[in-house]
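Student: Could you walk me through this structure? I would like to know what stands behind each label.

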Amino acid sequence: MSALSRNDTSLFGRWWWTIDRWSLAALGLIIGFGALMILAASPPVAERIGLDQFYFVRRHFALLPVAIAMMIGVSLMQPRTVRRLALIGLAGTILLLIAVLLGGAEIKGARRWINLAGFSLQPSEFAKPFFAVIAGWLFAEWRRGEGFPGHIAAGALYLLIVSLLLMQPDLGQAVVLSAIFFGQFFLAGMPIAWVGGAVLFGVFGLIGTYFAFDHVASRIDRFLDPASGDSYQVNRSMEAFMNGGLLGRGPGEGTVKAYIPDAHADFVFAVAGEELGLIACLLVLLLFAFVVLRGFARVLSEQNLFVMLAASGLLAQFGIQAIINMGSTLHMMPTKGMTLPFVSYGGSSLLALAIGMGMALALTRRRAGGGQS
């Protein structure tokens, strides 16, 4: 089979020479690392709750090819098709968020999941990438100067989705969505007088959630004073990093996964810290940073405002979600049930991230004439 040529006019050939192959490779390494950690962390969790040892492994590996195919398939799209996909996806997600509140399964006092054809779906995971693209489009239409109040439409859409998330309640997803919205608004040209108002909105919003939601207050109190409540998972997580040291105890040799309830999900980074060590964890952190920073570098000179804003929102979501997960695991912020992208176990998260990063790759592709595609 002959090597690919820059003159290759096939769909795959055009995709190969326009895609950001370095970011694609970094995402592949993150996905591979996630598969390794699922193999290492999930069997003890499954046994502890009475399931088959490889229950989570089989489910994750069954979805992994689907997620990869979805990411590659979406990355083939043109910006207009990405926008259409996001519009349809966001409309469906909003309907599912409403359905969750009306008849979703309640787990640990929260309604975040709905059963569809035997698959437990968390619609809030899909709201983030779809919202990032549609908000970017609305802000871009506003800045075209044709009188369309895109910033008001984006604000109304943001308030609707955040309200649905807080009713579940799911503060973590609401925080990520808020970061996407205000970040895009700022890049689109938020009036300087509004910047202070946005900061105050964020501060008073967090204060309000502290008094409105008992579980939020409990997590913040335990972060500020670990002795004020149960800090079992965080304590075991810090113990895991100390046990791992620089080089780790070796793959499969960790002990913390036998005790942390969410070792395969929210605290999978602690398992990596114990078994692979600090150096490996820093390399994983660098991979996440590389994907985000390289993506931003590719859209810096983008002339299409929609592409720039939508890609920025998608990359910000990816990076912020990783920061929240790692920060929680390292006790640098209050704990929050949020997955480490492509590493933690979670079907909805895996598929939503695949779609989101597929759209980011599509929007950061090179177009004829030196632009992005």
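**Reading the labels**

Tutor: Let us start with one residue: leaving out residues up to four places away in sequence, isoleucine 180 touches Lys128, Phe131, Ala132, Gly313 and Gln317. A contact here means heavy atoms within 4.5 Å. Before we go on, please note that this is a predicted model, where local features need pLDDT of at least 70, side-chain atom pairs count only at pLDDT 80 or more, and totals for chains, interfaces and linings use all residues. Residues are numbered from 1 along each chain as its sequence is written, and side-chain values use heavy atoms, with hydrogens and water left out.

Student: Why is isoleucine 180 called buried?

Tutor: Buried means under 20% relative accessible area, exposed means over 50%, and partly exposed lies in between, with a 1.4 Å probe and protein chains only. Isoleucine 180 has a relative accessible area of 2%, so it counts as buried. Its place is in helix 7.

Student: What makes a stretch a helix or a strand?

Tutor: Both are DSSP runs, numbered from the N terminus: helices are H or I with at least four residues, and strands are E with at least two. Under that rule the protein has 13 helices and three strands.

Student: Serine 178 lies in helix 7 too. Why is serine 178 called buried?

Tutor: The relative accessible area of serine 178 is 17%, so this residue counts as buried. Setting aside neighbours within four places in sequence, serine 178 is in contact with Tyr158 and Val162.

Student: What makes isoleucine 49 exposed?

Tutor: Isoleucine 49 has 53% relative accessibility and therefore counts as exposed. This residue lies in the loop between helix 2 (21-48) and helix 3 (55-75). From isoleucine 49 to proline 261 there are 212 residues in sequence, but 9.1 Å in space, C-alpha to C-alpha. The C-alpha atoms of isoleucine 180 and isoleucine 49 are separated by 36 Å, with their positions 131 residues apart along the chain.

Student: Which label does histidine 331 get, and why?

Tutor: Histidine 331 has 27% relative accessibility, so the label is partly exposed. Histidine 331 sits in the loop between helix 12 and helix 13, and its phi is near 60°, a positive value in a residue other than glycine. Phenylalanine 342 is in the loop between helix 12 and helix 13 and has a positive phi of about 65° although it is not a glycine. At 3% relative accessibility, phenylalanine 342 is therefore buried.

Student: Why are those phi values worth pointing out?

Tutor: Most residues other than glycine have a negative phi, and most peptide bonds are trans. On the second point, the peptide bond from glutamine 168 to proline 169 is cis, with omega near -5°. Proline 169 is found in the loop between helix 6 and helix 7.

Student: How do you know that strand 1 and strand 2 pair?

Tutor: Two strands pair if DSSP finds at least two bridges between them. Strand 1 and strand 2 have three bridges, in the antiparallel sense, with isoleucine 107 opposite alanine 110 in strand 2. Strand 2 (residues 110-116) and strand 3 also pair in the antiparallel sense over three bridges. There, leucine 116 stands opposite phenylalanine 119 in strand 3, and the bridge partner of isoleucine 114 is leucine 121.

Student: What makes strand 1 and strand 3 edge strands?

Tutor: The three strands form an open sheet in the order 1-2-3, with antiparallel pairing. Strand 1 (105-107) and strand 3 (119-121) each pair on one side only.

Student: How do you know that the span of helix 4 agrees with its number of residues?

Tutor: The expected span is 1.5 Å times one less than the number of residues. For the 25 residues of helix 4 that gives 36 Å, and the end C-alpha atoms are 35 Å apart, so the two agree.

Student: And how does the radius of gyration of the protein fit a compact globule?

Tutor: The radius is taken over C-alpha atoms, and the globule rule is 2.2 Å times the number of residues to the power 0.38. With 373 residues the rule gives a value near 21 Å; the protein has 21 Å, so the two agree. Of the 373 residues, 49% count as buried.
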